[in-house]
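The following exercises concern the enclosed and open spaces of a protein model, together with the packing of selected elements. Each task is followed by a worked solution.

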Amino acid sequence: MPKSRSIDFTTLRSDLFAGIVVFLVALPLCLGIATASGVEPFAGLLSGIVGGLVVALLSGSHLSVSGPAAGLVVIVVSAIGTLGSFSAFLCAVLLAGALQIVFGLLRAGQLASFVPVPVIKGMLASIGLLLIVKQVPLAMGLSGGVGASGTSTVSEATLATPFGPVLLPALALAIVSVALLFAWETPRAKRFALVRAVPGPLAVVALGIGVTVLLDRFAPALGLAAEQRVALDSLASFDALAGALALPDFTQLIDADVWRVALTLAVVASLETLLSLEAVEQMDPQRRRASPDRELKAQGVGNMVAAALGGLPITAVIVRSSANLNAGARTRLSAFVHGVLLLVSVFALTTVLNLIPLACLAAILIQTGYKLAKPQLIVAMMREGAERLIPFVATIVGVLATDLLIGIGIGIAVSMLLAMRANLDDTFALAEHDDHYLLSFRKDASFLAKPMLMRCLARIPDHATLLIDAERADFVDRDIRETLDRFIADAPRRHIAVERVQWPRIDATARRRLPWSRAAT
């Protein structure tokens, strides 16, 4: 149990209630993320359990909740397809956890603050778009149709489309579920106590279970086939539990693709975790801070444990964390309680969980994807100017065209180029009055500012007077100095008078300002 000097009854009651609320939010998300990732539902629940029982014990955050993240679904699906097996993917998750521990030991927790905000928003928006695209077929019932025996099990209520037979009950249920999720969050709906007490995802799951039971009893021809529902194995014995666990394939450690996937997972999961941690700290009424390096190490241990048992990768998740805070959580006990309840549900609620339609889980993830890539975000980035819009768009295009890690790299590179351009454009200022010109250094001048300097010098006509003022520069690169020396050497031929004031001496070690005396050339 999480350490605490003292837990009074008020705190205990608040944390127990918050833990129950987070469990109700996390349960459908764990199942939906696992289904969207193309793995067994048990893998998603297992990651939620590890996030609650392991990461909560090691993390320094009081309110953050960890588990499988929707933002990693795209990586998981792509990685399993690339590596060829879930066991090879688990090996990559194990390595990713080890890398996160290394990040924490190297105190890399602050590096996330150097990633430009447009790049982060672009990464999340691209994840949202991919999430929506990948969940639409499941919401339409296109994923089912063939049972384990290879025979068709599609319901009679289907509609032929160019993409395949659409299952009308699944489509209708998904549409209603998405509408319910959005309506559940409106201010008008929040006036009702039931809406405030029941999380939206839980309401959708309850709706799906009710529809499944009613169709099975009164309209079997319209009922959802087994392939359109959660398929969680019953864990009635320790043998069944052992059979449900999956182990990493350690022979894949020499595969370069495994290491590439591990690095992608480690970077993206760490970014999501640190962003969630920062957001939760800002929402915390007590403004309690947690070490980002400790959080990375805790997440690393959690991912290694999850991989060793056959679970999905773990991050700190803002949806569950904000639900935890809004439910009145005060300590890490609430996250621990949510993990315990997920563990209990694996053994006690299998029959109920298997009644959940996959279309409902797809609807939950579609809404999650919309929140990540909502149109208001794009409009806001456009209003902030080209300097922020261009990296945002570049990141989205890069992710959609390649993968997450390369897309993030493209966004960072574009941001650096734009920042460099803006920085260099302000290095020099050239003022003109009659035939007198003032060339001012507005900051330190590196070799990258040489093109701008040459453009300024090209504007000086013959028979002019040029005053060079480098008072604001502590350092002037040798290329800049040599360019000016060549101009000054050629000045008598063009009848240009040059004066230099406050010229810094190049000293790469001390960077001391040693001004020259006023001199005329």
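**Exercise 1. Describe the largest cavity: its volume, its lining and the character of that lining.**

Step 1. The largest cavity holds about 60 Å³ of space. The model is a predicted one, in which local features need pLDDT of at least 70, side-chain atom pairs count only at pLDDT 80 or more, and totals for chains, interfaces and linings use all residues. Residues are numbered from 1 along each chain as its sequence is written, and side-chain values use heavy atoms, with hydrogens and water left out.

Step 2. On a 1 Å grid over the protein atoms alone, a cavity is a set of points where a 1.4 Å probe fits but cannot get out; a pocket is an open set with protein on both sides within 12 Å along at least five of seven lines; lining residues have an atom within 4 Å of a point. Grid points are joined across faces, edges and corners, and the volume is the space filled by probe spheres set on them.

Step 3. Among the residues that line the largest cavity are Gly60, Ser61, His62, Asp284, Arg288 and Arg289. The lining comprises four nonpolar, three polar and four charged residues (nonpolar: Ala, Val, Leu, Ile, Met, Phe, Trp, Tyr, Cys and Pro; charged: Asp, Glu, Lys and Arg; polar: the others, Gly among them).

**Exercise 2. State how many cavities of 30 Å³ or more there are, and characterise the second largest.**

Step 1. The count is three cavities of 30 Å³ or more.

Step 2. The second largest cavity has a volume of about 50 Å³. Its lining includes Gly51, Val55, Arg332 and Ala335.

Step 3. Helix H2 (residues 41-58) gives the largest share of this lining, three residues; helices (H or I, at least four residues) are DSSP runs, numbered from the N terminus. By class, the lining of the second largest cavity has four nonpolar residues, five polar and one charged.

**Exercise 3. Describe the two largest pockets and their linings.**

Step 1. The volume of the largest pocket is about 1,500 Å³. It is lined by 45 residues, of which Ile318, Val319, Arg320, Ser322 and Lys371 are the closest to its centre.

Step 2. Several helices each supply at least two residues of this lining, including H1 (9-37), H5 (117-139), H12 (318-326) and H15 (358-372). The lining of the largest pocket divides into 30 nonpolar, seven polar and eight charged residues.

Step 3. The second largest pocket contains about 380 Å³ of space. Of its 17 lining residues, Ala112, Ser113, Leu274, Leu275 and Glu278 are the closest to its centre.

Step 4. H10 gives the most to the lining of the second largest pocket, with seven residues. Ten nonpolar, four polar and three charged residues form this lining.

**Exercise 4. Is H15 mostly covered or uncovered, and which helices do its buried residues pack against?**

Step 1. H15 has 15 residues and, at 1.5 Å a residue, should span 21 Å; its end C-alpha atoms are 21 Å apart, which agrees. The expected span is 1.5 Å times one less than the number of residues.

Step 2. H15 is mostly covered, since twelve of its 15 residues are buried (under 20% relative accessible area, with a 1.4 Å probe and protein chains only). Among these are Leu358, Cys360, Ile364 and Gln367.

Step 3. The buried residues of H15 pack against H1, H5, H6 and H8.

**Exercise 5. Where is glutamine 100 placed, and which residues is it in contact with?**

Step 1. Glutamine 100 lies in helix H4 (residues 86-105). It counts as buried because its relative accessibility is 0%.

Step 2. Leaving aside neighbours within four places in sequence, the contacts of glutamine 100 (heavy atoms within 4.5 Å) are Ala266, Ala269, Ser270, Leu296, Lys297, Gln299, Gly300 and Asn303.

Note on methods. Buried < 20%, exposed > 50% of the residue type's maximum accessible area, 1.4 Å probe, protein only.
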